Amino acid sequence: QVPGAATARLAARSLDRRLDLRLSRLAAMGVGVRPGGAAALVIRHATRATDPGEAAALDKIAGSTLKRCSTNEKGLRALDISDMVFSALFLGRLADAICHNTQLQEMYMDNCCLGD
């Protein structure tokens with residue numbers, strides 16, 4: 001066993017519980033959660049209305065994009081995710097996915113409603 005591994009596991013479980021609690025609160029408010037309780041990766045399109053069917057499709061695309069980023073796919077050199085408002089869940093997973101990505105060279109996030 002690595003020293004501190006137990007502490008890291010406890011911290012990870014605590015973080016998971018806090019995330020579950022936040023998602024349940026969001027679900028109760030109907031914010032950032034799809035029907036059926038699934039967490040939303042994409043909140044809405046930044047410049048036009050998004051219907052529920054399109055929102056589900058956008059979530060699938062966002063999930064696929066995260067997978068491509070995390071697997072360091074060679075064909076993914078540029079990523080344009082402009083004009084979408086993303087959930088904190090997506091942004092956190094994107095940060096984790098691109099942390100060690102050596103293939104992605106450009107990312108465009110214009111009009112994503114992100115602050116500095």
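**Exercise 1. Find the residues with the most contacts inside the largest nonpolar core, and the elements that build this core.**

Step 1. Start with the core itself: the largest one has 17 residues, and Leu79, Phe86, Phe90 and Leu94 have the most contacts inside it. A nonpolar core here is a set of buried Ala, Val, Leu, Ile, Met, Phe, Trp, Tyr and Cys residues joined through side-chain atoms within 4.5 Å. Buried means under 20% relative accessible area, exposed means over 50%, and partly exposed is in between (1.4 Å probe, protein chains only).

Step 2. Now look for the elements: helix H2 (52-70), strand E3 (84-86) and helix H3 (88-98) each give two or more residues to this core. Helices (H or I, at least four residues) and strands (E, at least two) are DSSP runs, numbered from the N terminus.

Step 3. Zoom in on Leu94. Not counting residues up to four places away in sequence, Leu94 touches Leu66, Cys69, Leu79, Ile81 and Met107; contact means heavy atoms within 4.5 Å.

Before going on, keep in mind that this is a predicted model: local features need pLDDT of at least 70, side-chain atom pairs count only at pLDDT 80 or more, and totals for chains, interfaces and linings use all residues. Residues are numbered from 1 along each chain as its sequence is written, and side-chain values use heavy atoms, with hydrogens and water left out.

**Exercise 2. Track down the salt bridge and say how exposed its partners are.**

Step 1. The structure holds 1 salt bridge, meaning a side-chain nitrogen of Lys or Arg within 4 Å of a carboxyl oxygen of Asp or Glu.

Step 2. The partners are Glu73 and Arg68, with their closest N and O atoms 2.7 Å apart. Side chains of opposite charge can pair when their charged atoms come close.

Step 3. Check the surface: Glu73 is partly exposed at 31% relative accessible area, and Arg68 is partly exposed at 31% too.

**Exercise 3. Locate two non-glycine residues with a positive phi.**

Step 1. Asn72 has a phi of about 60°. You'll find Asn72 in the loop between H2 and strand E2 (78-80), partly exposed at 25%.

Step 2. Asp83 has a phi of about 65°. Asp83 sits in the loop between E2 and E3 and is partly exposed at 28%.

**Exercise 4. Is Gln103 buried or exposed, and what does Gln103 contact?**

Step 1. Go to the loop between H3 and strand E4 (106-108), where Gln103 lies.

Step 2. With 17% relative accessibility, Gln103 counts as buried.

Step 3. Leaving aside neighbours within four places in sequence, Gln103 contacts Asn72, Glu73, Lys74, Leu76 and Arg77.
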